[in-house]
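Reader: I am new to reading protein structures. Could we go through this one together?
Author: Certainly. Let us take it part by part.

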Amino acid sequence: MSGWREPERACMVGRFQPPHKGHLKAMLDILAEFEELVVVVGSAQLSHELDNPFTAGERMIMLRLALSEAGVPPERYWLVPVPDAPMHVAWVPIVLSYCPRFKVVFSNEPLTRRLFEEAGFEVRPIPFYKREIYSATEVRRRMLIGEEWRELVPPAVARYIEAIGGVERLRALAKTDKPVGASS
């Protein structure tokens, strides 16, 4: 393939349950330095849980909507769903088999950082952006108790979550059929 070269790519790993403005700012910052970004949508097999309410497909749509709304052309990023591995040491080889090649990994999650460092990758922290409010945990918390959550996510993500009944899903997942005080 004469005349072709591998673009300078970075990788950002997250669950994006859901993608929020902090995620988007990090992606835009990484894209200011690299030609392309591989976004690994981690724990792709999980959905319909309090900590993981959205499917991998829904998260990929939300990420695409957010990046598109921010003016990022689709040829600058890859959205790659990757399931958890049965053993931690097997996870990085799985990621590498699912993704185009990249040189640098961006993650703040200690296990993810450690696994990629042990595999020989340069791992950089993702600069937190207003972390006290921009976290998926905070978005889900606000959804559950009926507080304003839309301001924490890109507008296109908020519209999508509303269109799929995401808040109602999360609240339904929080309900239980167990008597008060029952442990299982």
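**A conversation about the fold**

Author: In this predicted model, the side chains of strand β1 alternate: R9, C11 and V13 point one way, while A10, M12 and G14 point the other way, and all of them are buried.

Reader: How many residues of β1 are buried in total?
Author: Six of its six residues, numbered 9–14, are buried, and the strand is mostly covered.

Reader: Which strand does β1 pair with, and is the pairing parallel or antiparallel?
Author: β1 pairs with strand β2, residues 36–41, in the parallel sense, over six bridges. Within this pair, R9 stands opposite E36 of β2.

Reader: Now the interior. Which residues touch the most other members of the largest nonpolar core?
Author: They are M12, M27, L37, W149 and I161, in a core of 35 residues. Helix α1, residues 21–33, supplies the largest share of this core, with five residues.

Reader: Why would such residues gather in one place?
Author: In soluble globular proteins, nonpolar side chains tend to be buried together.

Reader: What does L37 touch?
Author: Setting aside residues up to four places away in sequence, L37 touches A10, C11, M12, M27, I30, L31, R76, Y77 and W78. There is also a second, separate core of 16 residues, and V13, V80, W91 and F121 are among its members.

Reader: Changing topic: at what angle do helices α3 and α4 pack?
Author: Helix α3, residues 91–98, and helix α4, residues 110–118, pack at about 80°, and their axes are 9 Å apart. The angle therefore makes α3 roughly perpendicular to α4.

Reader: Which residues meet there?
Author: From α3 come W91, V92 and V95, and from α4 come T112, L115 and F116. Sorted by class, the contact of α3 with α4 has five nonpolar residues, one polar residue and no charged residues.

Reader: One last residue. Where is L144?
Author: L144 lies in helix α5, residues 136–145.

Reader: Why is L144 counted as partly exposed?
Author: Its relative accessibility is 32%, so L144 counts as partly exposed; buried would require under 20%, and exposed over 50%.

Reader: What is L144 in contact with?
Author: Apart from neighbours within four places in sequence, L144 is in contact with L50, L170, R171 and A174.

Reader: How far apart are L144 and L170 in sequence and in space?
Author: L144 and L170 are 26 residues apart in sequence, and their C-alpha atoms are 6.7 Å apart in space.

Definitions and conventions. Residues are numbered from 1 along each chain as its sequence is written. This is a predicted model: local features need pLDDT of at least 70, side-chain atom pairs count only at pLDDT 80 or more; totals for chains, interfaces and linings use all residues. Side-chain values use heavy atoms; hydrogens and water are left out. A nonpolar core is a set of buried Ala, Val, Leu, Ile, Met, Phe, Trp, Tyr and Cys residues joined through side-chain atoms within 4.5 Å. Buried means under 20% relative accessible area, exposed over 50%, partly exposed in between (1.4 Å probe, protein chains only). Helices (H or I, at least four residues) and strands (E, at least two) are DSSP runs, numbered from the N terminus. Contact means heavy atoms within 4.5 Å. Axes are lines fitted to C-alpha atoms, for helices over the stretch in contact, and angles run from 0 to 180 degrees between N-to-C directions. Angles under 35 degrees count as roughly parallel, over 145 as roughly antiparallel, 65 to 115 as roughly perpendicular and the rest as oblique. Ala, Val, Leu, Ile, Met, Phe, Trp, Tyr, Cys and Pro count as nonpolar, Asp, Glu, Lys and Arg as charged, and the others, Gly among them, as polar. Two strands pair if DSSP finds at least two bridges between them.
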